[in-house]
Structure formats: C-alpha cells, structure tokens
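Work through the exercises below with the sequence and the model open. Try each task before reading its solution.

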Amino acid sequence: MKELAAAELGHLLVFAFLFCVGAFMAAPVITDVTMAALCPGQDQCSLAIYLTGLQQAVTALGALVVTPVVGNLSDRYGRKALLALPATVSIVPLAILAFNQAKAYFYAYYVAKMLTSMVSEGTMMCLSLAYVADKVPEAGRGAAFGVFSGVCTAGFVAGTIAARFLSVSSTFQVATLAAVAAAVYMRAFVRETVGGASLLRDEEASRRLLCAPSSSADEASPRLPPLRKAPSLPEMAALLTSSSTFKRAAVVTFFHALGETGLQTALLYFLKAQFHYTKNQYANLLLIIGVTGSFSQLTVMPLLAPKLGEQRLLIVALLGSCVHGFLYSIAWSFWVPYLAASCVILSILVGPCIRSIVSKKVGPSEQGMVQGCITGISSTASVISPLVFTPLTAWFLSENAPFNFKGFSLACAGFATLVALTLSINMRPAEVQPDTK
C-alpha cells in the first residue's frame, strides 16, 4: 500500500512540475513584454505598474471567493475532478502571447490571465496539498508538504532556465506546450484519492440504505451532493475561528502574504528603475531564488520539520522572510539583490509550515476546505497589497518622490512580514499539536 501511495504521489509531483514549468516560464519575460507593449523604450512606466497591481488585486479577489469553494467541493467530488479545472484554464493566456506579443494581444492576454488566474493559481496548490494530506499520515505531512512545494519550485527553476535561453515568442510557445502536457498527464495518470470525497460518498450511501432499505440498486449507489452544499462565508469563518491554532495561522498567513505580495508587486519594477535590469538579469535572479528554494524545500524542510516542529521552523522562516525584504529595499549595487535572494532558503518554508499546522487539525473530509480557507486568507491579503504597494511603488520610483528611497515600498513589505513574525512567536507550541478527539 505504501508503494502504491508513493507511486500515486509521484504522478501528482510530475503534474505539479509540468504545471509550474508552464506557469513560471513567463515570469522573467512578462515585465519586458509589458513595458514594450505599454511604454516602449522606457525604464519607468507607471501604467505598467498600475495594471500589474490591478491584475494582482482582481485575481486575488476572485481567488478569495473561488478557492475555498473549489477546495470544499473537492472534499465531495474528488481531488482529481477539480484539479482538471486549473490545469485546463491556465493554458489560455499563455497561448495568446505564444501567437503574438503586440499591444492588442497583450491586452487580450491581460484580461485572460486575470480571469483564469482566479481559478488556476490558488486552487492548484490547495487541491494538490489536500491530495497529499489524503495520502500521507500526520507524522510525515510536514515533510511531504515541503517536498511537494520543492517540486513546484523545481518547476519554477526549469521554467526560468528555459526563459533564460529562449526568445520571447519561443518562451510562450514552450510554456503553452508544458501547460498542455501537464493537463494531459494529470488526466491520464493521477488517480483519485480514497479519502475525503470517498468517505463522504460512503457515508451518504449508508444513510440512504438505512432510510430506504427497499430502494433499487440505482438508488442505493453513491450520488454526488448538490452544489448548494458549497460552503458559505460564515461557515468558512466558523471553521477558521474554531480553534486558536486556526485563528493564529490565519492572521500570520494574512500578514505574510501582504508582505510577500507587496514584494512581488514592487521588486521587478524597482530593479528596472534602479539598476536597469533586463530579461536575462531577471532570469538570473529568479533562478537563484528557485534553486535555493527548491533545495530548501526538498532537503532542509524534511530534515528540520521533525526535529524543530512546524511552529519553531515557522519562526525561523519568517525571520528569513523579513531579512529578504529589508535587504532588497536597501540594495546599493546590482549584485545585492542576488545576495538577498539567498534568504529564500528560509523564507520559502513559511507556506509549508502553516499548511502542515492547519492540516493536522482537521479530518480527511475537511482537508480541501481548510486548505482552501488558508488560500482564501492569502488571497485577501493579495487583494489589499496591490492597492497599497502599487501607488507607493509608482510614487517612490517617480521624480515626485517625497524623499530619495526607491526601495521604500519593499521596506514596507518587510515590516508587514515582521508583524507576522511577531504573531508567530506568540503562538504557544502546544497550540499546534494535533487534536486528540
């Protein structure tokens, strides 16, 4: 049975790798594509910054609503059935820019990316982690989440390396092929789990047999519950406030996501204005981040999580995240961002630690729901963050800045992560132990 579970997880990891290759291959290129379409020949472009921030905010707002619902539906309909949704829709925006990168096509990509990301970005991670939780016992779940995140980061590395050596048009063509391969592989090889949805279906079938023993065989067969059983916002709020662990994890997730999204909103445009970074330099920086993060999640997380526990490791990871943001903000030379990127070896462990902590507090039929709620909290921060950091970044990169500190918005992102660190320190280790009901 263990060998079978390992093989099934292996198929999930291959799917995640291919999905991330396609999704992240565009990252080093999209800033130059956006600047070329909107402000050709310029190193600073407020319109590009504002449109990027708007896209992040709208995407996060949609994910806030969609991800918890999809996570809960996966508890009832199955993980694989719902994974087909993000795997398929993520192909569309990549295919648009694979065809052409002219201004009209960029706007078509922009709208398509904004709409499809509501479904694909948060739900893929949420459903995959619920799948892992179905397959892995509590004792090894933290390490398993780290390995899964490490494979996703390895996909990020592979996509970044490809973008480093491909032309812009070829980058989007290869990314589209990778996204199509991920969807096909998932449908062909990833098998449905035997927890979560299966347990609920068995329970409902048993109740129908008890209530109607004379029913026909067709009536006694398991039926999927109606869509009206999708969770409401009060139900999700009740889950998150049902224990001190959930409440602490939700607040830490919010402030960490607020800082991380702010960093992502500002960083590439800051580097463009401050050091005139190009596609290749973006790719080199993202490559350092990806290789370091993948190494950390595949080796450091499995080694340290059993020894330190997820709560203590979370504190260490948040400390690294603070240093990460502050060091970017005071970068005085083009090589300093590369040094700051090495802090990812710690900061990237924040997500797996929080996911593992909350996963151990619920049963197999609630894994999709709780992972979706945590993703929803992160999406809430991702809605707010661009509204704050986009105008702040544009202001301090412009000639009208109140004082000469182009990295001010990055420093503010570091302070948001510092709040998350303070809250995580106040979490008592006893709060993160599995419930013994």
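**Exercise 1. Describe the surface and the overall make-up of the chain.**

Solution. Start with the surface of this predicted model. The accessible surface of the chain is about 18,100 Å². Carbon and sulfur atoms account for 68% of that area. Next, turn to burial. The chain has 437 residues, and 55% of them count as buried. Then look at secondary structure: there are 19 helices and zero strands. Finish with contacts. Take those between residues at least 6 apart in sequence: 83% of them join residues at least 24 apart.

**Exercise 2. Find the nonpolar patch on the surface and place L339 within the chain.**

Solution. The patch consists of I330, W332, F334, W335 and L339. Together they offer about 570 Å² of accessible area. L339 belongs to helix 15, residues 336-341. Its class follows from a cut-off: partly exposed lies between 20% and 50% relative accessible area. L339 has 43% relative accessibility, so L339 is partly exposed.

**Exercise 3. Dissect the largest nonpolar core.**

Solution. Count first: this core has 85 residues. F15, F172 and Y328 touch the most other members. Helix 6, residues 103-135, gives the largest share, with 11 residues. Now check the domains. Domain 1 (1-198) and domain 2 (233-429) each supply at least three residues. Take F172 as a sample. Beyond four places in sequence, F172 touches A26, V29, I30, V33, L94, L97, A98 and Q101. Another core, of 22 residues, lies apart from the largest one. Its members include L313, L349, I354 and V362.

**Exercise 4. Locate the two salt bridges and say which parts of the chain they link.**

Solution. Recall the principle: side chains of opposite charge can pair when their charged atoms come close. Now take the pair D134 and R79, whose side chains meet at 2.8 Å, N to O. D134 sits in helix 6 and R79 in helix 4 (residues 79-89), 55 residues apart. D134 counts as buried because its relative accessible area is 18%, under the 20% cut-off. R79 is buried too, at 1%.

Move to E310 and K360. Their closest N and O atoms are 3.0 Å apart. E310 lies in helix 14 (residues 310-329), and K360 in the loop between helix 17 and helix 18 (367-397), so the pair ties together parts 50 residues apart in sequence. Both E310 and K360 are buried.

**Exercise 5. Are S356, T67 and Q56 buried or exposed, and what does each one contact?**

Solution. Take S356 first. S356 lies in helix 17, residues 350-359. Its relative accessibility is 0%, so S356 is buried. Outside its close sequence neighbours, up to four places away, S356 touches R141, G142, F145 and E310. E310 is also the salt-bridge partner of K360.

Next comes T67, in helix 3. T67 also has 0% relative accessibility, which means that T67 is buried. With neighbours within four places left aside, T67 contacts G122, T123, C126, G372 and T375.

End with Q56, in helix 3, residues 46-77. Q56 has 19% relative accessibility, so Q56 counts as buried. Beyond four places in sequence, Q56 contacts T261, Q264, T265, S382 and P386. Check one distance as well. The C-alpha atoms of Q56 and S117 are 9.2 Å apart. These two residues are 61 residues apart along the chain.

Note on methods: Residues are numbered from 1 along each chain as its sequence is written. This is a predicted model: local features need pLDDT of at least 70, side-chain atom pairs count only at pLDDT 80 or more; totals for chains, interfaces and linings use all residues. Side-chain values use heavy atoms; hydrogens and water are left out. Helices (H or I, at least four residues) and strands (E, at least two) are DSSP runs, numbered from the N terminus. Buried means under 20% relative accessible area, exposed over 50%, partly exposed in between (1.4 Å probe, protein chains only). Contact means heavy atoms within 4.5 Å. A nonpolar core is a set of buried Ala, Val, Leu, Ile, Met, Phe, Trp, Tyr and Cys residues joined through side-chain atoms within 4.5 Å. Domain bounds come from an automatic or database domain assignment. Accessible areas come from the Shrake-Rupley method with a 1.4 Å probe; for residues, only the protein chains shown count as cover. Patches are made of residues with over 30% relative accessible area and no salt bridge: like charges are joined within 9 Å, nonpolar side chains (Val, Leu, Ile, Met, Phe, Trp, Tyr) within 5 Å. A salt bridge is a side-chain nitrogen of Lys or Arg within 4 Å of a carboxyl oxygen of Asp or Glu.
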